[in-house]
Amino acid sequence: MATRPLPRSKTSLRSSLESGFYFLLGLLLVGLSGLVYAQAVSLKMVSLVTFLYLAWLIKHKYPASFSIAFLAVLVMAGIFICDRQEKAFQLEENTAILLYPDEVKVSDNWLSGKGHCQGQKVSLYGPGKNDLEAALAQGQAVYLTQIAGEDKEAEPATNPGQFDYRRYAYSQHLAGQVKVTNYQLLLARNNWQNSLHRIRWRIKQYLAKMPRLLSFFASELILAENPDSDNQANLDNYRDLGVIHILSISGMHVGLYVLVLAAIGSTLLIPREEVFAVTSTFLLLEVFLSGFQPGFIRASLMYCLGRFLAYRGLKITSADLLGLVFSLQLPFNPRLLLQTGGMLTYVLAAGLVLTQEMQGLSQSAWLNLLLTPFLLFFFYQVNVATIFYNLLLVPYFNLVVMPVTFLAVFVPNLALWHFLEKILEVAEWGIDWLAGQRLGQIIFGQIKPWQLLLLLSLTVIALLFVKEKRRKCLRLLALAYSLFFVSIHFPLMGQVSFIDVGQGDSILLTTPILRKCYLIDTGGKLAFGHQKSRAQLTQITLPMLKAQGIDHLDGVFVSHQDADHVGDLAALLEKMPVKRLYMGIGLIQNPSFAKRLAGRVDRTQLVELRAGMTVKEKIPFQVLHPDEPGLGENKDSLSLVCCLAGKTWGFTGDLDQAGEEKIVSEHPDLRIDYFKLGHHGSDTSSSLKFLETIKPQLVFISAGRNNRYHHPKPATLEKLKSLGIPYLSTQDSGMITWHYGFGLSYFTSFLQGGKLCYH
């Protein structure tokens with residue numbers, strides 16, 4: 001194994017370092033990085049133990065080289081300290097923000113992208129003026145001066161499983177966000193940085209002219225970015241099949257560049273040293289073009305450094321080369337392991353080192369085992385058939401996608417482009433069909449940091465052992481996966497969760513042990529302007545459900561037809577199996593609502609509800625409203641009550657005050673312990689009479705931050721105060737969850753962390 005020192009030899013050690021030192025040094029710096037940046041206490045403790053053990057191991061095995069390791073740790077510690085002291089960006093009166101044309105865009109008069117100011121990077125957005133759009137369209141770098149706007153910290157995730165933009169921005173060294181409302185424009189002078197960015201901009205413009213799939217793959221391979229949201233379905237297919245690494249994460253296309261340039265050099269009889277120089281220069285340029293993507297940098301460094309050492313007559317093991325490359329990359333990007341791509345590319349590379357003596361299915365299986373804990377932690381799902389998809393898609397990618405894409409890049413012929421696009425369309429249609437079958441796909445749920453470490457450790461130990469010991473480790477690993485799966489899919493506690501979907505409603509109810517899952521409304525963005533955007537559900541609700549291991553819904557209740565309640569219903573029905581869809585009587589006759597269902601409910605039972613009915617599910621719901629058919633307006637809102645662990649819950653959608661008072665007139669003894677306040681806290685709902693009758697212990701408000709309707713209304717909050725009714729809002733708490741089971745119940749806030757006390 002690479003970590004064991006080999007006997008000294010005259011040919012392999014012109015340096016003073018024995019085989020295995022660099023690999024251990026890389027692991028030592030991994031431990032130091034975890035000690036500095038890890039948030040979970042368990043990760044910090046493991047990082048500390050790992051760091052101390054590796055320091056002792058290096059001191060014991062390589063005493064002559066320990067000073068080098070000590071110096072490397074000292075330097076990295078200083079870099080980490082400086083990095084942690086980086087100040088948040090502040091917008092001042094004389095601030096000027098430099099924009100490069102390849103890093104920002106103006107679409108529908110809206111500016112978005114990344115800017116630079118005094119050595120800091122910021123994300124910015126706001127109205128885009130015509131002169132700015134014209135300058136960027138010419139590939140000009142520009143300064144925004146006399147900026148009016150505000151700076152703020154990046155938004156964090158407010159629901160479990162949701163993409164955490166604040167953490168992402170930190171990992172990318174983005175010092176803050178700037179909302180621009182007005183500015184003056186100043187053209188930047190030409191220099192070498194501007195020239196490089198203009199080259200990248202020209203390439204982006206050129207690739208954008210290609211048909212969609214060719215543009216998608218060319219942008220992934222050359223620029224390491226997705227140029228269009230329309231390509232998200234393709235990325236989702238690769239992720240669902242477990243082969244997302246064959247795109248830009250692994251840096252595997254570096255091998256293609258090297259192979260092509262070597263073939264050209266051999267054909268033209270160019271000396272290998274000159275071919276190496278040309279290849280290294282090309283890879284350096286491509287590192288910039290790829291936006292300094294971690295996988296591409298790692299693969300390029302491994303090639304360049306490996307060849308350089310070979311030319312110098314210095315032998316180095318693949319494990320040591322990987323450790324050396326990591327040790328060189330980390331000082332320039334101290335937050336490398338905070339980036340999902342940075343972490344996965346090194347895990348994949350380490351896996352290749354550990355399995356280098358294996359071949360075919362065996363190597364693929366072990367690589368998948370090494371990646372699986374990370375896939376469960378970041379993406380909450382795994383595909384047990386990934387090993388076979390790899391055997392199918394890696395050759396497709398190497399033999400079809402890359403040759404076809406680069407042929408299109410270097411031969412700008414429309415007829416050829418359309419022909420090559422057809423080839424990719426057929427292949428991607430097949431991949432889409434394959435992904436749609438969900439063969440082998442398991443929505444496992446999100447594992448905890450300590451579980452990730454345990455699974456990874458057991459996998460590595462099993463890989464290092466042989467025969468009987470390996471089989472024992474694999475059985476222990478299988479047991480660990482089984483226990484974690486059972487704990488996620490058969491939870492001891494049920495829940496009622498008010499998902500933070502912004503200005504809208506979406507409420508998840510589940511039962512303990514033999515879990516049943518119900519969703520009241522799906523949320524959805526109200527349509528303002530003409531910009532297309534992905535369904536909010538795919539960014540918030542679906543990841544949240546998958547993080548809990550929920551792969552289907554037993555029932556979905558639709559309160560009424562407003563977009564902020566059912567705007568994402570179509571996306572939900574497409575992405576997740578739903579057994580039964582419940583709605584108020586008459587809503588199905590609404591043409592707009594019927595359009596949401598068209599072609600999406602073949603396997604879903606549709607059930608209309610009216611007042612007086614009881615929904616016979618694991619959680620029995622009593623229907624209070626409507627009692628007459630309607631088209632799904634606010635006054636027709638489906639209103640439900642249910643009882644969980646001795647507490648009565650009430651949900652009335654956007655029902656108006658007249659509807660509420662009708663309910664209490666027909667049910668004068670109605671009591672609701674926990675009530676979702678009507679219409680996001682608007683003054684049109686939650687009448688005084690209704691609240692006095694139901695006497696809630698606590699109410700909940702689901703409303704967007706800084707929403708244009710100013711919900712909840714001050715008059716509504718004053719009404720609650722006068723009645724002595726406490727409230728919790730998703731605006732302040734993010735997702736609010738009531739946990740119940742085994743005689744226990746308590747509230748938690750995802751945004752604030754920990755338990756909530758509302759008394």
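Guide: In this predicted model, a cavity is a set of grid points where a 1.4 Å probe fits but cannot get out. By that rule, three cavities of 30 Å³ or more are counted.

Visitor: What makes a residue part of the lining of the largest cavity?

Guide: A lining residue has an atom within 4 Å of a cavity point. The residues that line the largest cavity are therefore Arg239, Asp240, Gly242, Ile244, Leu375, Phe379, Gln381, Val382 and Asn383. The space in this cavity is about 80 Å³.

Visitor: Which elements each supply at least two residues of that lining?

Guide: They are α8 (232-240) and β7 (381-383). The largest share, three residues, comes from β7.

Visitor: Why is Gly242 counted as polar in the lining of the largest cavity?

Guide: The classification places Gly among the polar residues, so Gly242 belongs to that class. By class, the lining of the largest cavity has four nonpolar, three polar and two charged residues.

Visitor: Which residues line the second largest cavity?

Guide: The lining includes Asp505, Asp521 and Lys676. Asp and Lys count as charged, so these residues fall in the charged class. The whole lining divides into six nonpolar, three polar and three charged residues, and about 60 Å³ of space lies in this second largest cavity.

Visitor: Why is glycine 659 called buried?

Guide: The relative accessible area of glycine 659 is 7%. Buried means under 20%, so glycine 659 meets the criterion. Glycine 659 lies in helix α24, which covers residues 657-666. Its C-alpha atom is separated by 6.4 Å from that of lysine 635, and the two residues are 24 apart along the chain.

Visitor: Is serine 687 buried or exposed, and how do you know?

Guide: Serine 687 has 1% relative accessibility. The limit for a buried residue is under 20%, and serine 687 is therefore buried. Its place is in the loop between β19 (674-676) and α25 (688-694).

Visitor: What makes the approach of serine 687 to phenylalanine 690 a polar contact?

Guide: The side chain of serine 687 reaches the backbone nitrogen of phenylalanine 690 at 3.2 Å. A polar contact requires a pair of N or O atoms within 3.5 Å, one able to donate a hydrogen and the other to accept it, so the separation satisfies the distance limit.

Visitor: Which residues does serine 687 touch, not counting those up to four places away in sequence?

Guide: Serine 687 touches Gln657, Glu660, Glu661 and Lys719. Contact means heavy atoms within 4.5 Å, so each of these residues meets that limit with serine 687.

Conventions. Residues numbered from 1 in each chain as written. Predicted model: local features only at pLDDT ≥ 70, side-chain atom pairs only at ≥ 80, totals over all residues. Heavy atoms only, no water. Helix = DSSP H or I, 4+ residues; strand = E, 2+ residues; numbered from the N terminus. Buried < 20%, exposed > 50% of the residue type's maximum accessible area, 1.4 Å probe, protein only. 1 Å grid on protein atoms, 1.4 Å probe; cavity = no way out; pocket = protein on both sides within 12 Å on 5 of 7 lines; lining within 4 Å. Points joined across faces, edges and corners; volume = space filled by probe spheres on them.
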